[in-house]
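Please look over the chain shown here before reading on. The paragraphs that follow move from single residues to helices and then to the nonpolar interior.

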Amino acid sequence: MGRRAVKRVDPQLDLSRHLKSFDDLPNPWDEAALFERSQPLEIEVGSGKGLFMQTASGEHSDRNFLGIEIAHRYARLAAAKLAKERRENAVMVSGDAQRVFRELIPDASLAAVHVYFPDPWWKKRHRKRRVMNPDFVSQIEQKLIAGGALHFWTDVDEYFGVTMELLEDFPQLVGPQAVDARPADHHLDYRTHFERRMRLSGLPVYRSLFHKAASKEIV
């Protein structure tokens, strides 16, 4: 199920506070350059049209959220939603999440990483392009604080199974813990636009939650 057309962003809307490129990000990393307050940081990998960023930043003003989306048109749309609602605790990055993690994010600095419905890269020869690969999962493990959470959701059963097997190789990421869908009374009760489309179509969503253990907790 592909992505639909992107709505037009008001050209008069100032996105400078909420939309960054990789080159705009502080190097070395400095959260104070992006957010007004120092508080736990969560990153969403592949924000799409930004429903999670919009909802989570509104519900959790005590956390900062960084959304990373490789498709510029979607990053821009997501940033526009944040700008309209003046979310000071949320910023979108138009760029490659794997590069951001590898080159900028300090170890043991993230309270949570959210990966929702990443591109499944269906063909066998293309599966090496999947974001949930050994190198990136290793980065997630390093960047999470002890007790930090990894949320991984997909609508592709095969991708889910392969990822659960992959995560077995990372003993500090303890799980999976099953995650039940909460009832959705309106569209903002869905975590992402893609989840909304899948559930309204009666199609399954596979959800998992992992937490990073402290080193001494690993047997």
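Is R86 buried or exposed? R86 is exposed, because its relative accessible area is 68%, where exposed means over 50% relative accessible area, buried means under 20%, and partly exposed lies in between, all with a 1.4 Å probe and protein chains only. This is a predicted model, in which local features need pLDDT of at least 70 and side-chain atom pairs count only at pLDDT 80 or more, while totals for chains, interfaces and linings use all residues. Residues are numbered from 1 along each chain as its sequence is written, and side-chain values use heavy atoms, with hydrogens and water left out.

R86 sits in the loop between α2 (72-84) and β4 (90-94), where helices (H or I, at least four residues) and strands (E, at least two) are DSSP runs numbered from the N terminus. Coming just after α2, R86 takes a positive phi of about 55°, and it does so as a residue other than glycine. A108 also has a positive phi without being glycine, in this case near 50°, and its place is the loop between α3 (97-103) and β5 (110-116). A108 counts as partly exposed because its relative accessible area is 48%.

Two cis peptide bonds can be located next. One runs from N27 to P28, with omega near 10°, and P28 belongs to the loop between β1 (19-21) and β2 (41-45). Another joins G175 and P176, with omega about 5°, and P176 is found in strand β7 (residues 173-178).

Strand β7 also holds Q177, which is partly exposed with a relative accessible area of 44%. Although Q177 and R207 are 30 residues apart in sequence, their C-alpha atoms are 8.6 Å apart in space. Contact here means heavy atoms within 4.5 Å, and, leaving aside neighbours within four places in sequence, Q177 is in contact with R207, S208, L209 and H211.

The helices come next. Helix α1 (residues 51-59) is mostly covered, with 7 of its 9 residues buried, and these are L51, F52, M53, Q54, T55, A56 and S57. In α2, the buried residues are Y74, A75, L77, A78, A79, A80, K81, L82 and A83. The expected span of a helix is 1.5 Å times one less than its number of residues, so the 13 residues of α2 should span 18 Å, and the end C-alpha atoms of α2 are indeed 18 Å apart. In helix α4 (residues 134-143), F136, V137, Q139, I140, E141 and K143 are buried. The N-terminal end of α4 is capped by N133, with a side-chain oxygen that lies 3.1 Å from the backbone nitrogen of D135.

What is the setting of N89 in the loop between α2 and β4? N89 counts as buried because its relative accessibility is 7%. A polar atom of the N89 side chain lies 3.1 Å from the backbone oxygen of S57, and S57 is one of the buried residues of α1. Not counting residues up to four places away in sequence, N89 touches R17, F35, Q39, S57, H60, S61, R63, N64 and F65.

The nonpolar interior can be taken up now. A nonpolar core is a set of buried Ala, Val, Leu, Ile, Met, Phe, Trp, Tyr and Cys residues joined through side-chain atoms within 4.5 Å. Of the 37 residues in the largest nonpolar core, V45, L66, F101, V113, M132 and L150 touch the most other members. The elements that give two or more residues to this core are β2, β3 (64-69), β4, α3, β5, α4, β6 (144-154) and α5, and α5 gives the most, with 5 residues. A second, separate core of 20 residues includes L19, F65, L82 and A90. Beyond its neighbours within four places in sequence, L150 is in contact with V113, V115, M132, I140, L144, L167, L173, S208, L209 and F210.

Helix α5 (residues 157-167) is also where Y159 is found, and Y159 is buried because its relative accessible area is 1%. Leaving aside neighbours within four places in sequence, Y159 is in contact with P118, D119, P120, R130, V131, M132, F152 and T154. Of these partners, R130 is 29 residues from Y159 in sequence, yet the two are 9.1 Å apart in space, C-alpha to C-alpha.

Key:
A polar contact is a pair of N or O atoms within 3.5 Å; within protein, one must be able to donate a hydrogen and the other to accept it, and residues adjacent in sequence count only if both atoms are side-chain atoms.
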